[in-house]
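Hello,

Here is the structure I promised to pass on. Please open it alongside this note; my findings follow below.

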2 protein chains.
Amino acid sequence: MAGERGRRPGNPQTREPILAAAIASFVSRGYPGTTIRGVAREAAVDPALVMHFFGSKDGLFDAAIKKSLPVALLVEAMEGDEEHLAERLVTRYLELWEDPSHGPALAAVLHAAAATPAAADLLKELMRKDLLTPLAGRLSRDHPEVRGLFAASQMIGVAMMRYILKVEPLASMPAPLVAATVTPVIQRYLTGELSLEEITGAATALL
Amino acid sequence: MAGERGRRPGNPQTREPILAAAIASFVSRGYPGTTIRGVAREAAVDPALVMHFFGSKDGLFDAAIKKSLPVALLVEAMEGDEEHLAERLVTRYLELWEDPSHGPALAAVLHAAAATPAAADLLKELMRKDLLTPLAGRLSRDHPEVRGLFAASQMIGVAMMRYILKVEPLASMPAPLVAATVTPVIQRYLTGELSLEEITGAATALL
């Protein structure tokens, strides 16, 4: 989805089937169960070609996350007025989870990040660079990064309860009702009055 | 703890060292890497004794969750006026995560639940029966179970970002500031005006 750049001497059309095989493997076998060799076998290419394109298992996971999340569609939902930012983001986020072509990969990313510190580090880096930074750039109030993080915590929490743990009745509730319930909370994190003056004092060094 | 000879199946003092070994294994090896045989070896007992007390690996995990969560301390924090329910719950919840004798086990439970459907089912059942039901019983407004679930989603989301993914600055922010930021949100889920009238129509059958 995202335009690739850089020197890729191999046929770039070979890269996509490898990445698809990698995502399928992360989804079905998890991060620990996925190997360069196994992905190469699934994609019917030489393991050296997988290394050529992705460098390592971490590189493969990083590309799989980038392809799966999918960052571009979430960043697109950030465009527009700040007043309805949460509504657009939450709606898009739930749509992606509900979409059979994105949901399982998103679940695999969360699984991997919860189960494997290396995967958590990659997800964290990607979240910060490609999602939280653009989100913070859209916020006009104090502590935009912290606001974005609390918003993200609510979105990840809903995904955990609804799509990973599948706790009823949250799991079967229509997505628009879930969105209607969490949107005001997330909008409040993004633009509302928070007790972040204290944070200014206590945690400025961390920001 | 003391040097028990502990081969007698009935001796309840033998149960605790087995459970401690199981928790240590779930923490360090995860759910898939934990076996009845390995736990028995760590606890220096016969595998049959582990089976006697816990019945199966799932039974062992269930007991480990019950011991680790720890449910009683959270239920205790529910006692008191409804107006400060979120404040008491969030404070206690973060205290438990910060506590070296509880935090790693809590993380192991979340890890296991995110990584393994069987573990997710056990956590879900325990959450419903031992945490969400007592919480709902304390709520005076409409749809107490749904309110409890949304509150839980925010609490789990904060734990994911702060203790599992360790995203900064949320990971290093003082716990009282985190509590001050999420408490109003959680109190709103528990007792505030939500757009749950729609849920009454659309999802009554699910409740």
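**What turned up**

Thr35(B) sits in the loop between helix H1 (15-29) and helix H2 (36-43) of chain B. Please keep in mind that this is a predicted model. Thr35(B) is partly exposed, with a relative accessible area of 41%. Its C-alpha lies 9.7 Å from that of Leu60(B), although 25 residues separate Thr35(B) and Leu60(B) in sequence.

**Chain A overall**

Chain A has eleven helices and zero strands. Its pattern along the sequence is therefore α-α-α-α-α-α-α-α-α-α-α. The chain has 207 residues, and 52% of them count as buried. Take the contacts with a separation of 6 or more: residues 24 or more positions apart account for 69% of them. Chain A exposes about 9000 Å². Carbon and sulfur atoms supply 57% of that area.

Two residues of chain A are worth a look. Arg92(A) lies in helix H6 (residues 85-98). It touches Leu73(A), Leu74(A), Glu76(A) and Ala77(A), leaving aside residues up to four places away in sequence. Ala77(A) is 15 residues from Arg92(A) in sequence, and their C-alpha atoms are 6.6 Å apart.

His102(A) is in the loop between H6 and helix H7 (103-115) of chain A. Is His102(A) buried or exposed? His102(A) counts as buried because its relative accessibility is 13%, and the cut-off for buried is under 20%. Again leaving aside residues up to four places away in sequence, His102(A) touches Ser68(A), Pro70(A), Leu73(A) and Leu96(A). Leu73(A) is thus a contact of Arg92(A) and of His102(A).

**Where the chains meet**

How many residues does the contact take from chain B and chain A? It takes 49 from chain B and 49 from chain A. The area buried between the two chains is about 4200 Å². Carbon and sulfur atoms give 77% of it. Phe150(B), Leu165(B) and Thr181(B) supply 14% of the area that chain B buries against chain A, more than any other three residues. The rule finds zero salt bridges across this interface.

**Helix H8 of chain B**

H8 of chain B covers residues 117-137, 21 residues in total. From first C-alpha to last it reaches 28 Å, close to the 30 Å expected at 1.5 Å a residue. H8(B) bends by about 40° at Arg128(B). Its buried residues include Leu122(B), Leu123(B), Leu126(B), Met127(B) and Leu131(B).

Lys124(B), also in H8(B), is buried too, at 15% relative accessibility. Its side chain meets that of Asp121(B) in a salt bridge, 3.5 Å from N to O. Lys124(B) and Asp121(B) are three residues apart in the helix, so about one helical turn separates them. Asp121(B) counts as partly exposed, at 43%.

**Other salt bridges**

A search of the whole structure finds 26 salt bridges over all chains. One of them joins Lys66(B) and Asp62(B), with the closest N and O atoms 3.1 Å apart. Both residues lie in helix H4 (residues 57-68) of chain B, four residues apart, about one turn of the helix. Lys66(B) is partly exposed, with a relative accessible area of 40%.

Arg141(B) forms a salt bridge with Asp142(B), the closest N and O atoms being 4.0 Å apart. Arg141(B) is partly exposed at 31% relative accessibility, and Asp142(B) is partly exposed at 32%. In chain A, salt bridges that share partners join Arg141(A), Asp142(A), Arg147(A) and Glu193(A) into one network.

**Backbone points to check**

Most residues other than glycine have a negative phi, and most peptide bonds are trans. The following residues depart from that.

- His143(B), in the loop between H8 and H9 of chain B, has a positive phi near 50°. It is buried, with a relative accessible area of 13%.
- Lys166(B), in the loop between H9 and H10 of chain B, has a positive phi near 55°. It counts as partly exposed, at 47% relative accessibility.
- The peptide bond from Glu168(A) to Pro169(A) is cis, with omega near 5°. Pro169(A) is in the loop between helix H9 (144-164) and helix H10 (175-191) of chain A.
- A cis peptide bond also joins Glu168(B) and Pro169(B), with omega about 5°. Pro169(B) lies in the loop between H9 and H10 of chain B.

Best wishes

How values were computed: Residues are numbered from 1 along each chain as its sequence is written. Chains are lettered from A and ligands numbered from 1 in the order in which they are written. This is a predicted model: local features need pLDDT of at least 70, side-chain atom pairs count only at pLDDT 80 or more; totals for chains, interfaces and linings use all residues. Side-chain values use heavy atoms; hydrogens and water are left out. Helices (H or I, at least four residues) and strands (E, at least two) are DSSP runs, numbered from the N terminus. The expected span of a helix is 1.5 Å times one less than its number of residues. The bend at a residue is the angle between axes fitted to the seven residues ending there and the seven starting there. Buried means under 20% relative accessible area, exposed over 50%, partly exposed in between (1.4 Å probe, protein chains only). Contact means heavy atoms within 4.5 Å. Accessible areas come from the Shrake-Rupley method with a 1.4 Å probe; for residues, only the protein chains shown count as cover. Buried area is the accessible area (1.4 Å probe) that two parts lose on being put together, summed over both.
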